[in-house]
Amino acid sequence: MTERDKILAYTETYRRKTGTNFSTVPGVKEAVIEGLIHHLETLKKPLCPCNFYPDKNKEIEHRRWLCPCNEMQIYKYCHCLLYVGENNLPITEHLPQDHEGRLSYGLNKDPHPELGRDLRHKTDDDLSDWHK
Ligand code: SF4
C-alpha cells in the first residue's frame with residue numbers, strides 16, 4: 001500500500017467514524033490530502049499540513065499536530081477544513097468560547113455529537129505534553 005493509499009483510506013475511515021463531511025469547496029480537500037501525503041512520504045508521519053513549524057521533527061515528537069490532531073480529537077474542530085459539518089463550515093460547537101475557531105466562524109453545530117471526539121474528556125492544555 002502506498003503512502004497515498006494509506007492517507008486516502010484513513011481520512012475516509014476517520015470521516016465516517018466522526019460523522020463529518022469532506023469539504024466540497026473546490027481544491028480544499030485535495031490540497032489538505034496532498035499535504036498529508038507529502039508529510040507521510042517525507043517525514044513518515046501525517047503532520048498537519050496547515051501550520052508553519054519551525055522544526056517539523058520536533059513537532060512530530062510532540063504529536064499534537066499529527067492528524068487527527070488534538071483539536072480534532074477533543075473538539076472535532078479541523079482548522080484545515082478537511083473535516084467539516086454543514087455547509088462546508090468547521091464544527092465549532094465544542095470549542096471553548098474564546099478559541100480562534102469560534103471567534104472566526106461563530107457557532108456551527110455538530111450534526112453527530114455522539115460520534116468522534118475520542119479525547120472529549122481532555123482539554124488542549126491537558127495534552128500539551130502528551131506522549132512526551
Ligand atoms: S486540522 Fe487536524 S484533523 Fe484537520 S487535517 Fe489538520 S491535523 Fe488533520
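**Entry 1: burial and overall form**

I began with burial, and in this predicted model I noted that buried residues make up 27% of the 132 residues in the chain. I then looked up the radius of gyration, which is 14 Å for the chain, and this agrees with the value near 14 Å that a compact globule of 132 residues would have. For the extent of the C-alpha trace along its principal axes, I wrote down spans of about 35 × 35 × 25 Å. I also checked the contacts between residues at least 6 apart in sequence, and 47% of these join residues at least 24 apart.

**Entry 2: the elements**

Going through the secondary structure, I found five helices and two strands in the chain. Read from the N terminus on, I have their order as α-β-α-α-α-β-α.

**Entry 3: the nonpolar core**

Which residues touch the most other members of the largest nonpolar core? I found that Cys48, Tyr77 and Cys78 do so, in a core of 20 residues. The elements that give this core two or more residues are helix α2 (28-43), helix α4 (70-75) and strand β2 (83-84). I followed cysteine 78 further and, setting aside its neighbours within four places in sequence, I listed its contacts as Met72, Tyr83, Val84 and Pro90.

**Entry 4: around the ligand**

I turned to the ligand and noted that 14 residues surround it, the closest being Cys48, Cys67, Cys69, Met72 and Cys78. Sorting the residues of this shell by character, I have 12 nonpolar, one polar and one charged. Cys48 and Cys78 were already in my notes as residues that touch the most other members of the core, and they return here among the closest to the ligand.

**Entry 5: the loop between α3 and α4**

I looked next at proline 68, which lies in the loop between α3 and α4. The peptide bond that joins cysteine 67 to proline 68 is cis, with omega at about 0°, and I remind myself that most peptide bonds are trans. Arginine 63 also has its place in the loop between α3 (56-62) and α4, and its phi is positive, at about 75°, although arginine 63 is not a glycine. I record arginine 63 as partly exposed because 16 other C-beta atoms lie within 10 Å, a count that falls between the limits of 12 or fewer for exposed and 20 or more for buried. From arginine 63 I went to cysteine 80, which is 17 residues away along the chain, and the C-alpha atoms of the two are separated by 17 Å.

**Entry 6: lysine 76**

Is lysine 76 buried or exposed? I have it as buried, because there are 26 C-beta neighbours inside 10 Å. Lysine 76 is found in the loop between α4 and β2, and its phi is positive, near 60°, in a residue other than glycine.

**Entry 7: histidine 38**

My last look was at histidine 38, which is found in helix α2. Histidine 38 has 16 other C-beta atoms within 10 Å, so I enter it as partly exposed. How far apart in space are histidine 38 and arginine 4, C-alpha to C-alpha? I noted 8.6 Å for this pair, although histidine 38 and arginine 4 are 34 residues apart in sequence.

Methods:
Residues numbered from 1 in each chain as written. Predicted model: local features only at pLDDT ≥ 70, side-chain atom pairs only at ≥ 80, totals over all residues. Near = placed C-beta within 6 Å. Nonpolar A, V, L, I, M, F, W, Y, C, P; charged D, E, K, R; others polar. Core = buried A, V, L, I, M, F, W, Y, C linked by C-beta atoms within 7 Å. Helix = DSSP H or I, 4+ residues; strand = E, 2+ residues; numbered from the N terminus. Contact = placed C-beta atoms within 7 Å. Rg over C-alpha atoms; globule rule 2.2 N^0.38 Å.
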